[in-house]
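Please look over the sequence and the structure shown here before reading on. The briefing below is meant for a reader who is meeting this protein for the first time.

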Amino acid sequence: MVGKTTLMRYQRIKRKLRREKFLKTAGWAVKRLVRLRGGVERLEVVRGRRFQVRREDRRCLVCDGREVEDEEHFIDRCAALTTERNEMWGKIGDVLMCPHKLRMIREMNEEQRVDWVLGTEFDLGHWKFPKLQGAIIQGLKELWAGRGRPGLRDACL
Ligand SMILES: [Zn+2]
């Protein structure tokens with residue numbers, strides 16, 4: 001069963017999208033975006049649900065484990081993924097080509113920013129859309145790879 005918080009995000013994002021443009025983007029990496037949007041990616045918050053672990057105990061195994069590993073933690077907060085996250089925002093910045101817009105996004109509250117990343121709700125010219133989508137999908141792919149870096153998870157257990 002999909003959690004209430006998750007469902008709320010999906011409804012927020014879905015409403016903002018006119019079309020599921022990202023589905024046209026080739027590659028398995030798109031699945032990551034789809035799963036994160038739907039709140040079914042294999043983060044601890046999802047895995048713990050399956051094993052009936054209390055939500056507050058579904059903590060991140062990658063960093064210091066003080067927080068629940070949900071979409072916000074993974075995309076926006078996990079301290080172990082700072083390098084990958086900075087690279088993602090660097091690529092997003094390269095596509096946006098607008099420091100003001102980038103700053104606006106960075107200064108959003110976390111929920112809005114994660115919605116923006118997952119919803120890719122842009123008020124941009126059409127021509128930028130595929131590039132931005134690509135930068136985000138690539139960024140999420142690298143975040144996920146960072147999360148699975150050999151030794152990282154073991155070292156923090
Ligand atoms: Zn973490």
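The notes that follow move from the overall picture to a helix pair, the core and one single residue.

This is a predicted model, and its secondary structure comes to nine helices and zero strands. The predictor's confidence averages a pLDDT of 82 over the protein, with 78% of the residues scoring at least 70.

**Overall picture**
- Read from the N terminus on, the elements run α-α-α-α-α-α-α-α-α, and buried residues make up 25% of the 157 residues in the protein.
- Among the contacts with a separation of 6 or more, 66% are accounted for by residues that lie 24 or more positions apart.
- Confidence is highest in helix 4, at a mean of 96, whereas it is lowest in helix 9 (residues 152-156), at a mean of 51.

**Helix 5 and helix 8**
- The axes of helix 5 (residues 82-96) and helix 8 (residues 129-147) come within 9 Å of each other and cross at roughly 175 degrees; because angles over 145 degrees count as roughly antiparallel, helix 5 is roughly antiparallel to helix 8.
- On the side of helix 5, the residues that meet helix 8 are E84, R85, E87, M88, K91, I92 and V95, and their counterparts in helix 8 are K131, L132, A135, I136, Q138, G139, E142, L143 and G146.
- The residues of this contact of helix 5 with helix 8 divide into seven nonpolar, three polar and six charged.

**The largest nonpolar core**
- The largest nonpolar core holds 21 residues, and of these I136, L140 and L143 touch the most other members.
- At least two residues of this core are supplied by each of helix 2 (29-38), helix 4 (71-77), helix 5, helix 7 (110-119) and helix 8, with the largest share, five residues, coming from helix 8.
- If residues up to four places away in sequence are not counted, L143 touches F74, I75, L81, E84, R85 and M88, and L143 is also one of the helix 8 residues that meet helix 5.

**R12 in helix 1**
- R12 is found in helix 1, which spans residues 4-16, and its C-alpha atom is separated by 9.9 Å from that of Q112, although the two residues are 100 residues apart along the chain.
- Is R12 buried or exposed? R12 is partly exposed, because 15 other C-beta atoms lie within 10 Å, while a buried residue would need 20 or more and an exposed residue 12 or fewer.

How values were computed: Residues numbered from 1 in each chain as written. Predicted model: local features only at pLDDT ≥ 70, side-chain atom pairs only at ≥ 80, totals over all residues. Helix = DSSP H or I, 4+ residues; strand = E, 2+ residues; numbered from the N terminus. Buried ≥ 20, exposed ≤ 12 C-beta atoms within 10 Å, placed from the backbone. Axes fitted to C-alpha atoms, helices over the stretch in contact; angles between N-to-C directions. Parallel < 35°, antiparallel > 145°, perpendicular 65-115°, else oblique. Contact = placed C-beta atoms within 7 Å. Nonpolar A, V, L, I, M, F, W, Y, C, P; charged D, E, K, R; others polar. Core = buried A, V, L, I, M, F, W, Y, C linked by C-beta atoms within 7 Å. pLDDT = per-residue confidence, 0-100.
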